[in-house]
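Trainee: I am new to this structure and would be grateful for a close look at a single part, the surroundings of the second ligand. Please then connect that part to the rest of the model.

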Amino acid sequence: MSARIPELDQAAARSARDRQSRLTKPAGSLGMLEEVAVKLAALQGTPLPRSRPAAALLFAADHAVTRHGVSPYPSAVTAAMVENFLRGGAASSVLCRQLGVPLRVVDVGVMRPPALPSGEGICFRRDPVADEPGGDLRVEDAMSEATFRRALAAGATEVDALPDEVRLVVLGEMGIGNTTAAAAVAALLLGRKAEEMVGRGTGVDDAGLARKVEVVGDAVRRLEGAGPERALQSAGGRELAALVGAAGRAIERRKAILVDGFIVSVAMLALERMAPGAREWMVFAHRSAEAGHRHVLEALGARPLLDLGLRLGEGSGALTALPLVDAACALHANMATFEEAGVPDKGRG
Ligand SMILES: Cc1cc2ncn([C@H]3O[C@H](COP(=O)(O)O)[C@@H](O)[C@H]3O)c2cc1C
Ligand SMILES: O=C(O)c1cccnc1
């Protein structure tokens, strides 16, 4: 995949920075909210950027690696949670409703195709790539190269279907076992040991954690030296590949990505390695409690907005941070300047 990363609009960023310096507040006092507004200005090519409309895309897939007992939950949870997303009972469904963000769920590899409630406002698609076989990343490739390409394309297709007006894309995932896959991809990309990248995911006990370290260690030995595409194909999963394809296309369409936790961040690290500069288009929502996330954030030079001990995934951390991005844009656009308000600025008597 060769995503074309657009140029940032430095003139728009300068205008936005200049506006921030004239708003009625001590210089720099809105901290990261100022940085977010200036960043979005550079991405959107306007001194007055917007956070809305936003759209949430959730990619779901299963993982053969669960046979090694790397998650306390059975794979059947993936399909059941897809049904829960669509019925409105999952954390990200609740947040999307609360925030007025349309949610689209894409099955790119769920073992038991979800039984879908029919009804208005339900957005679901099972991509044909979901019917292709997956492998156990400990001993074999998680997918063939052709399946990998189709999973990337499945993500891009979803972004192609979004209206031009969408400014911000929230990405999320669902896939029991995917903290193991993400840890393996990150260990390969960062050249770190399995034990540095593996965490408890949904809450494995000490024995489960030891199994995860072994599984990821085996994958890393099998795939040492893999580049980002090979790492995703052989140690990742179809939802990780779809996230990469979706983010690449969103950036090509000048849409910013609101990055969720560990799993989405690993996909974004792979994208940055495939298309350097992609990370400039990302706003990092939160620091996950998953152990390896800090290494991934560090490699991306990212400072996330929130640190709430979240470790859920499904885009829930990104959705939780969306109101902060809304606030950054609203303050930037609507605060009065010193001149407008007749408030004396510093250094002027
Ligand atoms: C009920 C439930 C809802 C979830 N929503 C997201 N995840 C999260 O947990 C999974 C990864 O953790 P592990 O690698 O330990 O399986 C992913 O599906 C992720 O999105 C969930 C997990 C469960 C059990
Ligand atoms: O941070 C995440 O993305 C995460 C952490 C634990 C379980 N699922 C997702």
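**The shell around ligand 2 and its setting**

Mentor: The shell around ligand 2 divides by class into three nonpolar, six polar and three charged residues. The model is a predicted one. The residues that make up this shell are Thr179, Gly201, Thr202, Asp260, Gly261, Phe262, Ile263, Ser288, Glu290, Arg311, Leu312 and Gly313.

Ligand 1 may be considered next. Around ligand 1 there are 17 residues, and the closest are Ser71, Thr179, Gly201, Thr202 and Gly313. The elements that contribute two or more residues to this shell are H3, S4 and helix H6, which spans residues 178–190. Of these, H6 gives the most, with three residues. By class, the shell around ligand 1 contains six nonpolar, nine polar and two charged residues. Thr179, Gly201, Thr202 and Gly313 are listed among the residues around ligand 2 and also among the closest to ligand 1.

Phe262 and Ile263, named in the shell around ligand 2, lead to helix H11, which covers residues 262–274. The axes of H10 and H11 come within 9 Å and cross at roughly 60 degrees. H10 is therefore oblique to H11, and H10 passes H11 in a right-handed crossing. On the H10 side, Leu240, Leu243, Val244, Ala247 and Gly248 take part in the contact, and they meet Val264, Val266, Ala267, Met268, Ala270 and Leu271 of H11. This contact comprises 10 nonpolar residues, one polar residue and no charged residues.

Helix H10, residues 238–252, also packs with helix H5, residues 145–160: their axes come within 7 Å and cross at roughly 45 degrees. H5 is therefore oblique to H10, and the crossing in which H5 passes H10 is right-handed. The contact of H5 with H10 has 13 nonpolar, three polar and four charged residues. On the H5 side, the participants include Phe148, Leu152, Glu158 and Asp160, while those of H10 include Arg238, Leu243, Val244 and Arg249. Leu243, Val244 and Gly248 of H10 appear in the contact with H5 and also in the contact with H11.

A further point concerns strand S6, residues 282–284, where phenylalanine 284 lies. Phenylalanine 284 counts as buried because it has 26 C-beta neighbours inside 10 Å. Its C-alpha atom is separated by 4.9 Å from that of valine 259, although the two residues are 25 apart along the chain. Leaving aside residues up to four places away in sequence, phenylalanine 284 touches Val259, Leu297, Ala302, Arg303, Pro304 and Leu305.

Helix H4, residues 91–99, can be described in terms of its cover. Ala91, Ser92, Ser93, Leu95 and Cys96 in H4 are buried. What covers these buried residues includes strand S1 (54–61), helix H3 (76–87), strand S2 (103–109), strand S4 (168–174) and helix H13 (316–334). H3 and S4, which belong to this cover, are also among the elements that give two or more residues to the shell around ligand 1. After H4 comes glycine 100, with a positive phi near 65 degrees.

Helix H13 contains proline 323. Proline 323 counts as partly exposed because it has 14 C-beta neighbours inside 10 Å. Between proline 323 and leucine 99 there are 8.0 Å in space, C-alpha to C-alpha, while in sequence the two are 224 residues apart.

Methods: Residues numbered from 1 in each chain as written. Chains lettered and ligands numbered in written order. Predicted model: local features only at pLDDT ≥ 70, side-chain atom pairs only at ≥ 80, totals over all residues. Buried ≥ 20, exposed ≤ 12 C-beta atoms within 10 Å, placed from the backbone. Helix = DSSP H or I, 4+ residues; strand = E, 2+ residues; numbered from the N terminus. Contact = placed C-beta atoms within 7 Å. Near = placed C-beta within 6 Å. Nonpolar A, V, L, I, M, F, W, Y, C, P; charged D, E, K, R; others polar. Axes fitted to C-alpha atoms, helices over the stretch in contact; angles between N-to-C directions. Parallel < 35°, antiparallel > 145°, perpendicular 65-115°, else oblique. Left-handed = near helix turned anticlockwise from the far one by under 90°.
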